[in-house]
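Trainee: Could you take me through one part of this model in close-up? I'd like to hear about the places where the ligands sit, and then how the rest fits around them.

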Amino acid sequence: MRTVLVTGGTGYIGSHTVVELQEAGYKVVIVDNLSNSYAEVVDSIEAITGTRPVFEKVDLKDREATLEVFEAHPNIEAVIHFAALKAVGESVEIPLEYYKNNIDSLIHILEAMQQYDVKNIVFSSSCTVYGEPDQLPVTEQAPIKKANAPYGNTKQICEEIMQDYRVPNPQINVISLRYFNPIGAHPSALIGELPIGVPNNLVPFITQTAIGLREELKVFGDDYNTPDGSAIRDYINVVDLAKAHVVSIERLLNGNNKQGYEIFNLGTGKGNSVLEVIKAFEKVTGAPLKYKIVGRREGDVEQVYADTRYANDELGWKAEKDLEETLASAWKWEQHYRSKEKERE
Ligand code: NAD
Ligand code: WQD
């Protein structure tokens with residue numbers, strides 16, 4: 001059994017990826033400091049897969065503690081590095097914490113990989129690096145635009161750090177995955193997205209409104225140059241996204257990567273507007289969602305969706321689930337989580 005270290009493995013995308021890795025036969029070691037997730041997620045992963053991943057509660061800002069994880073698990077062959085702070089607005093408020101957390105963590109992981117001779121890493125990047133793209137759909141060759149917030153800048157810097165690091169260390173293989181907008185939850189509804197406090201992202205805000213936790217959804221702008229005036233994004237199912245990580249790990253471990261540093265867009269290739277998402281969600285629940293149109297949110301781009309041909313052809317991966325099925329999974333998760341929460345009270 002091959003061992004993969006998953007940083008941020010109790011988080012939203014990490015937990016779904018741990019499930020897919022275990023189901024594909026990998027042994028998983030999770031590292032997470034639980035700054036944005038809960039230890040109970042490990043129980044849920046075990047409930048879904050029948051296997052309990054190893055869990056190390058470690059802060060990757062702590063270099064020694066990071067090295068100790070590699071010391072304790074000498075069979076690690078690859079790392080998937082999810083751990084990061086990810087709230088765009090918060091990153092404007094506390095930029096140094098974002099730079100320290102996201103950049104120090106990556107540096108400590110690379111140092112540990114060097115010391116313990118681990119050669120493969122998959123990195124969580126973001127379509128945010130493209131900013132407002134000049135051409136749609138956006139390809140991996142599209143220019144990187146100046147980040148509109150420290151969060152996005154940490155992704156750009158991390159990509160550059162790995163590229164620079166490979167110059168004297170060409171034996172290190174990197175796959176950088178640029179996610180578009182991950183949404184939805186595992187079909188079991190045992191794991192899903194669990195934002196702490198008021199959600200910034202569209203779909204958790206929608207499900208929390210539908211369940212009565214929020215008064216109404218604010219739609220940020222209906223005066224964009226799009227068919228219905230609301231902004232367009234590429235919403236990708238989190239389980240589809242998780243599977244792309246398994247494919248990436250296989251590619252690295254089998255030596256099938258064509259270049260030492262590869263970048264793939266992970267999206268569906270289809271753009272949906274905010275109003276389309278609302279309509280699709282209403283179809284899923286069979287009930288109207290309470291929303292109102294307000295002004296644009298600062299820093300938002302008008303539209304972005306992926307050209308997925310490179311990931312489809314070269315990685316051999318394709319998003320399979322459609323928007324309605326994905327929104328249904330998000331709704332099921334919200335309902336399941338809140339009913340469990342009531343039981344706990
Ligand atoms: P998440 O917050 O649910 O998961 C991240 C996990 O990392 C959390 O469990 C958190 O506790 C942990 N973590 C953070 N800093 C850490 C540290 N110093 N040491 C140890 N653990 C630490 O976020 P997510 O949505 O699952 O995102 C995973 C990755 O994907 C992040 O790198 C994020 O930037 C990237 N990404 C997310 C999205 C999105 O919309 N969710 C889009 C593009 C890219
Ligand atoms: C989607 C659309 C909003 C909330 C963010 C990060 C990006 C990436 C993914 C990490 C937009 C609209 C939202 C609401 C709304 N993360 N909206 N009312 O902004 O595309 O991307 O998450 O890398 O870097 O910026 O995602 O879900 O916040 O918004 O109308 O209450 O929904 O304006 O058009 P976004 P989102």
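Mentor: Here is a walk through the two ligand sites, followed by one residue and then the whole chain. Keep in mind throughout that this is a predicted model.

Let's start with ligand 1. Its shell is made up of 28 residues, and the closest are Asp-32, Asn-36, Ser-37, Phe-82 and Tyr-151. Sorted by character, that shell holds twelve nonpolar, twelve polar and four charged residues. Where do they come from? At least two shell residues each are supplied by α1 (12-23), α5 (95-115), β5 (120-126) and α6 (150-166). The largest share, three residues, belongs to β5.

Now for the polar atoms around ligand 1. An oxygen atom of ligand 1 has a backbone N or O atom of Ile-13 at 2.8 Å. On the nitrogen side, a ligand 1 nitrogen atom is 2.8 Å from an N or O atom in the side chain of Asn-101. There is also a nitrogen atom of ligand 1 at 3.0 Å from an N or O atom in the Asp-59 side chain. As for cover, ligand 1 on its own has 820 Å² of accessible area, and the protein covers 95% of it.

Next, ligand 2. Around this one you'll find 18 residues, with Ser-126, Tyr-151, Lys-218, Arg-233 and Asp-300 the closest. So you meet Tyr-151 again: it is listed among the closest residues to ligand 1 and among the closest to ligand 2. The ligand 2 shell splits into nine nonpolar, five polar and four charged residues. Strand β8 (residues 217-220) gives the largest share of that shell, four residues.

Check the polar atoms here too. The side chain of Ser-126 places an N or O atom 2.7 Å from an oxygen atom of ligand 2. With Leu-202 a polar backbone atom is involved, 2.8 Å from an oxygen atom of ligand 2. Lys-218 also takes part through a polar backbone atom, this time 2.6 Å from a nitrogen atom of the ligand. Ligand 2 taken alone exposes 680 Å², of which the protein buries 88%.

While you have the model open, zoom in on Asn-237. You'll find it in strand β10 (residues 235-237). Is Asn-237 buried or exposed? Its relative accessibility is 2%, so it counts as buried. Its side chain has polar company all the same: it reaches the backbone nitrogen of Val-239 at 2.7 Å, and a 3.0 Å polar contact joins it to the side chain of Thr-326. Leaving out residues up to four places away in sequence, Asn-237 touches Ile-183, Lys-321, Thr-326 and Ser-329.

Finally, zoom out to the whole chain. The protein chain has eleven helices and 13 strands. Its radius of gyration is 19 Å, close to the 20 Å that the globule rule gives for 345 residues, so the chain is as compact as a globular protein of that length. Along the principal axes, the C-alpha atoms fill a box of roughly 55 × 50 × 40 Å. Of the 345 residues, 54% count as buried. Take the contacts with a separation of 6 or more: 80% of them are between residues 24 or more positions apart. On the outside, the chain exposes about 15400 Å², with carbon and sulfur atoms supplying 48% of that area.

Methods:
Residues numbered from 1 in each chain as written. Chains lettered and ligands numbered in written order. Predicted model: local features only at pLDDT ≥ 70, side-chain atom pairs only at ≥ 80, totals over all residues. Heavy atoms only, no water. Buried < 20%, exposed > 50% of the residue type's maximum accessible area, 1.4 Å probe, protein only. Polar contact = N/O pair within 3.5 Å; in protein donor to acceptor, adjacent residues only side chain to side chain. Contact = heavy atoms within 4.5 Å. Near = heavy atom within 4 Å. Areas by Shrake-Rupley, 256 points an atom, 1.4 Å probe, with all protein chains shown as cover. Nonpolar A, V, L, I, M, F, W, Y, C, P; charged D, E, K, R; others polar. Rg over C-alpha atoms; globule rule 2.2 N^0.38 Å.
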